[in-house]
Amino acid sequence: ASPPFGVALLSGGAAGATAAALTNPLDVLRTRLQASRQSTLHLGNKGLLRTAQAMLASHAMHTLLKGVGPNMAAEALTRSLFMSLYTQYKLGLAPLLEGFPNLVVAASAASAVVTLYLVVAPLFLLRTR
């Protein structure tokens, strides 16, 4: 059985926000490494660990949390929408595809992803401008 709509909404949002908070520092490091390869003002193209050490030595560790708020909000939005859409599609498709549980899961996930990105793509376009 699928969780209620509100549970799916909240759990998806919490999971997305948590994932964004935990992975944001790595994303900042990755972005810094990419920029250092294209810029004359760089940390020496030293790799992930050495870049983190250089940031620590220059007291720039707070920059690892740069942009974490918007990333958490965006991930919370997309994951809560995905989980809610997936739950609703699964409930709707289960009677139509009775006897094919794997197809129900696959069709529900695919439908949720397509719907999600039709809704949020314009928002992410605005966010990156």
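**Figure 1. Accessible surface and overall make-up of the predicted model.** The accessible surface of the protein comes to about 8500 Å², and carbon and sulfur atoms account for 70% of that area. Keep in mind as you look around that this is a predicted model. The protein is built with four helices and zero strands, which gives the pattern α-α-α-α when read along the sequence. Of its 129 residues, 25% count as buried. If we take the contacts between residues at least 6 apart in sequence, 63% of them join residues at least 24 apart.

**Figure 2. Confidence across the helices.** Before zooming in, here is a word on how far to trust the coordinates. The mean pLDDT of the protein is 83, with 87% of the residues at 70 or more. Which elements mark the lowest and the highest mean pLDDT? Helix 2, residues 48–57, has the lowest value at 74, while helix 3 has the highest at 92. Where pLDDT is low, the predicted coordinates should not be read in detail.

**Figure 3. An aromatic pair in helix 3.** The structure holds one aromatic pair. The ring centres of Phe82 and Tyr86 are 6.0 Å apart and the ring planes meet at 15°, so this pair counts as stacked. The cut-off behind that label is an angle under 30 degrees between the planes. Along the chain, Phe82 and Tyr86 are four residues apart in helix 3 (residues 68–96), so about one helical turn separates them. Are these two residues buried or exposed? Both Phe82 and Tyr86 are buried.

**Figure 4. Ser84, a buried serine in helix 3.** Ser84 also has its place in helix 3. Its relative accessible area is 3%, so Ser84 counts as buried. Where does the side chain of Ser84 reach? It reaches the backbone oxygen of Ser80, at a distance of 2.8 Å. With neighbours within four places in sequence set aside, Ser84 is in contact with Phe5, Ala8 and Leu9.

**Figure 5. A salt bridge within helix 1.** The structure holds two salt bridges, and this view is centred on Arg30 and Asp27. Their side chains meet with an N to O distance of 2.3 Å. Both Arg30 and Asp27 lie in helix 1, which spans residues 5–38, and their spacing of three residues is about one turn of the helix. Arg30 has a relative accessibility of 39% and so counts as partly exposed. Asp27 is partly exposed too, with a relative accessible area of 31%. As a general reminder, side chains of opposite charge can pair when their charged atoms come close.

**Figure 6. A salt bridge within helix 3.** Here Arg79 forms a salt bridge with Glu75. How far apart are the closest N and O atoms of Arg79 and Glu75? They are 3.2 Å apart. Arg79 and Glu75 are separated by about one helical turn because they are four residues apart in helix 3. In terms of accessibility, Arg79 counts as partly exposed at 29%, and Glu75 counts as partly exposed at 27%.

**Figure 7. Ala20 and its contacts from further along the chain.** Let us move back to helix 1, where Ala20 lies. At 6% relative accessibility, Ala20 is under the 20% cut-off and therefore counts as buried. What does Ala20 touch, not counting residues up to four places away in sequence? The answer is Val68, Asn71, Met72 and Glu75. Glu75 is also the salt-bridge partner of Arg79. Ala20 and Pro70 are 50 residues apart along the chain, yet their C-alpha atoms are separated by 9.4 Å.

**Figure 8. Leu48 and three leucines.** Our final stop is Leu48, in helix 2. Leu48 has 38% relative accessibility and so counts as partly exposed. Leaving out residues up to four places away in sequence, Leu48 touches Leu26, Leu29 and Leu33. One of these, Leu26, is 22 residues from Leu48 in sequence, and the C-alpha to C-alpha distance of the two is 8.7 Å. Do look at this view with the confidence values in mind, as helix 2 has the lowest mean pLDDT among the elements of the protein.

Conventions
Residues are numbered from 1 along each chain as its sequence is written. This is a predicted model: local features need pLDDT of at least 70, side-chain atom pairs count only at pLDDT 80 or more; totals for chains, interfaces and linings use all residues. Side-chain values use heavy atoms; hydrogens and water are left out. Helices (H or I, at least four residues) and strands (E, at least two) are DSSP runs, numbered from the N terminus. Buried means under 20% relative accessible area, exposed over 50%, partly exposed in between (1.4 Å probe, protein chains only). Contact means heavy atoms within 4.5 Å. Accessible areas come from the Shrake-Rupley method with a 1.4 Å probe; for residues, only the protein chains shown count as cover. Rings of Phe, Tyr and Trp (its six-membered ring) pair if their centres lie within 6.5 Å; planes under 30 degrees apart count as stacked, over 60 as edge-to-face and the rest as tilted. A polar contact is a pair of N or O atoms within 3.5 Å; within protein, one must be able to donate a hydrogen and the other to accept it, and residues adjacent in sequence count only if both atoms are side-chain atoms. pLDDT is the predictor's confidence in each residue, from 0 to 100. A salt bridge is a side-chain nitrogen of Lys or Arg within 4 Å of a carboxyl oxygen of Asp or Glu.
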